[in-house]
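Q: Could you walk me through reading the empty spaces, helices and cores in a model like this one?

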Amino acid sequence: MIDIGSNSVRIVVYEGPARAPAVIFNEKVAAGLGRGLSTDGRIAPADAERGLVALRRYALLARHMEVKDLQCVATAAVRDAENGPAFIAAAAEAGLKIRLLSGEEEAEAAGYGVLSAIPDARGIAVDLGGGSLELAEVADGQVGRRASFPLGVLRLPALRKDGEAAFERAIRKMLRSAGWPGEGLTGLPLYLVGGSWRALSRLDLEITKDPLAVLDQHTFPRTAIRRLIRASKRLTFEELRAIPGMASNRAATLPDAAALLAALVNILDVPEMTVSSSGLREGLLYQSLDAATRAQDPLIVAAEFEGRRLARFAPHGRAIADWIAPLFAGEAHADSRVRLAASLLSDVAWSANPDFRAERGTEIGLHGNWRSIDIPGRVLLARALYAGFGGADSEFPAMGALVSDERLARARQWGLAIRLAQRLTGGVEAPLKASGVALVDGKLRLCLDAGWHHLAGESVERRLRILAQALDAKPELVLL
């Protein structure tokens, strides 16, 4: 997909399952097509040429990558510019058919982008681009009321010149004219979409020294706005640019983005904000899916795809999940789906150096490109994989108060149970059908059917003992 935005022109190439596609190529050029709109309503010639150079490159790459479905969309800058049609015509010469999105279509796509990654989202998706700001109500898997405003970061400096009070009044007037906030649209959380919001969130992670600096689903309260505004004013451009992952063009817009977020928080009475790494592009892909595919769990789909890609033998993560399930009856759904994801990923680190398999598992759990999982969920997934690949308990990275000790201990039990299953079976599925584990009267009982007794051995019994100790039970091997 090629996304022609007001700040940047980007290509993203996906592969894998439709519900959770993996990014295999991602490149952008900060063309700044929207820079000249506030001056003369046109895309500046130099910016237009820079964007077209990028588009010609992307068209060529897409052909040779054999991209089967190349979507190319343009948003506010091209939509609002007097010479937008000429830009589209020039892009067509490179073989690109551009779909020009309306403001409402852009807002709708951003809303569905949030829902694609956070299916239970309930609030307002707020997509901040270079040329426009989109608001979309999200709830119950659907996008409701939506609107687009000429409030992109490239247009904000002119609106802020008379001070913050006047700036907020102007924003309030603009939203009110479109019926925002209407009934039921105050007191809701915001889901932040777009590079400028992500940059602001990177600043928050830097200020708070968060032990797990993952942007996706990073949540912060309205009280954080004050510190973000102070920091964006206090820090020099060089200091902001030095923050890991901070692009120079985003660092320059941080004060404006912070001021806009403060205004929105006040106008909409927002309690908290959550970052969504999925936005317009992911929303467009999600909108093209049938209802059955949309209903799939993106975390489980992605974990299954990754597990299949990296497994030694035919993958059987679901069979492992079913095999260990009797040990964790009554578990909350939020935890059981993370346990399933860990089971699906139970073979992903086998090719690593044996001394670093646990670290590889931790890295995959913490930093994998997962959707529909919050920060505590990532920690639990990493803890399970760390134990599953034999990590020493004392060396698991400290995560502060992100997850309770009780939940971390449970995730360790998942990992030890998965490790027992993998050792018992040698990484293949058939032995699982001839065996079972259960907690019975304070005992962890491993049963082997007749004809499969030789699966037992020292290494299996050792892992059975370790798991039993973690479950506060006594190990018992039963040969049927």
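A: Sure, and let's start inside the largest cavity: its lining residues divide into four nonpolar, 14 polar and nine charged. Here Ala, Val, Leu, Ile, Met, Phe, Trp, Tyr, Cys and Pro count as nonpolar, Asp, Glu, Lys and Arg as charged, and the others, Gly among them, as polar. Before going on, note that this is a predicted model, where local features need pLDDT of at least 70 and side-chain atom pairs count only at pLDDT 80 or more, while totals for chains, interfaces and linings use all residues. Residues are numbered from 1 along each chain as its sequence is written, and side-chain values use heavy atoms, with hydrogens and water left out.

Q: How many cavities of 30 Å³ or more are there by this rule, and how much space lies in the largest cavity?

A: Rolling a probe the size of a water molecule over the atoms shows where empty space is left. On a 1 Å grid over the protein atoms alone, a cavity is a set of points where a 1.4 Å probe fits but cannot get out, and a pocket is an open set with protein on both sides within 12 Å along at least five of seven lines; lining residues have an atom within 4 Å of a point. Grid points are joined across faces, edges and corners, and a volume is the space filled by probe spheres set on the points. By this rule there are two cavities of 30 Å³ or more, and the largest holds about 400 Å³. It has 27 lining residues, and Asp3, Asp127, Gly194, Gly195 and Arg281 are the closest to its centre.

Q: Which helix gives the largest share of that lining?

A: α13 does, with three residues. Helices (H or I, at least four residues) and strands (E, at least two) are DSSP runs, numbered from the N terminus. β6 (123–128), α8 (195–208) and α13 (280–287) each supply at least two residues of this lining.

Q: What lines the second largest cavity?

A: That space, about 50 Å³, is lined by Ala18, Arg19, Pro21, Ser116, Glu282, Leu285, Tyr286, Leu289 and Arg371. By class that makes five nonpolar, one polar and three charged residues. Here too α13 gives the most, with three residues.

Q: And what volume does the largest pocket have?

A: About 730 Å³. Of its 29 lining residues, Asn26, Arg198, Arg202, Ser277 and Asn369 are the closest to the centre. The largest share, four residues, comes from α8. The lining has 11 nonpolar, eight polar and 10 charged residues.

Q: On to helices. Why does the span of α15 agree with its number of residues?

A: The expected span of a helix is 1.5 Å times one less than its number of residues. α15 has 13 residues, so at 1.5 Å a residue it should span 18 Å, and its end C-alpha atoms are indeed 18 Å apart. α8 has 14 residues and reaches 20 Å, close to the 20 Å expected. After α8 comes Lys209, whose phi is positive, near 55°.

Q: How many residues of α17 are buried?

A: Buried means under 20% relative accessible area, exposed over 50%, partly exposed in between (1.4 Å probe, protein chains only). α17 is mostly covered, with nine of its 12 residues buried. Among them are Val338, Leu340 and Leu344, along with Asp335 and Arg337. Their cover includes α15, α16, α19 and α20. In α15, the buried residues include Leu299, Ile300 and Phe305, and its buried residues pack against β2 (9–15), α5 (103–117), α16 and α17.

Q: Which residues touch the most other members of the largest nonpolar core?

A: A nonpolar core is a set of buried Ala, Val, Leu, Ile, Met, Phe, Trp, Tyr and Cys residues joined through side-chain atoms within 4.5 Å. In this 62-residue core, Trp323, Leu327, Trp370, Leu381, Leu444 and Leu467 touch the most other members. Elements that each supply at least two of its residues include α15, α17, α20 (405–425) and β13 (443–448). A second, separate core of 46 residues includes Ala231, Leu240, Ile243 and Leu261.

Q: What does Leu327 touch?

A: Contact means heavy atoms within 4.5 Å. Not counting residues up to four places away in sequence, Leu327 touches Ala417, Val437, Ala438, Leu439, Leu444, Leu467 and Leu471.

Q: Is Leu185 buried or exposed?

A: Leu185 counts as buried, because its relative accessibility is 1%. Leu185 sits in the loop between α7 (164–177) and β9 (190–193).
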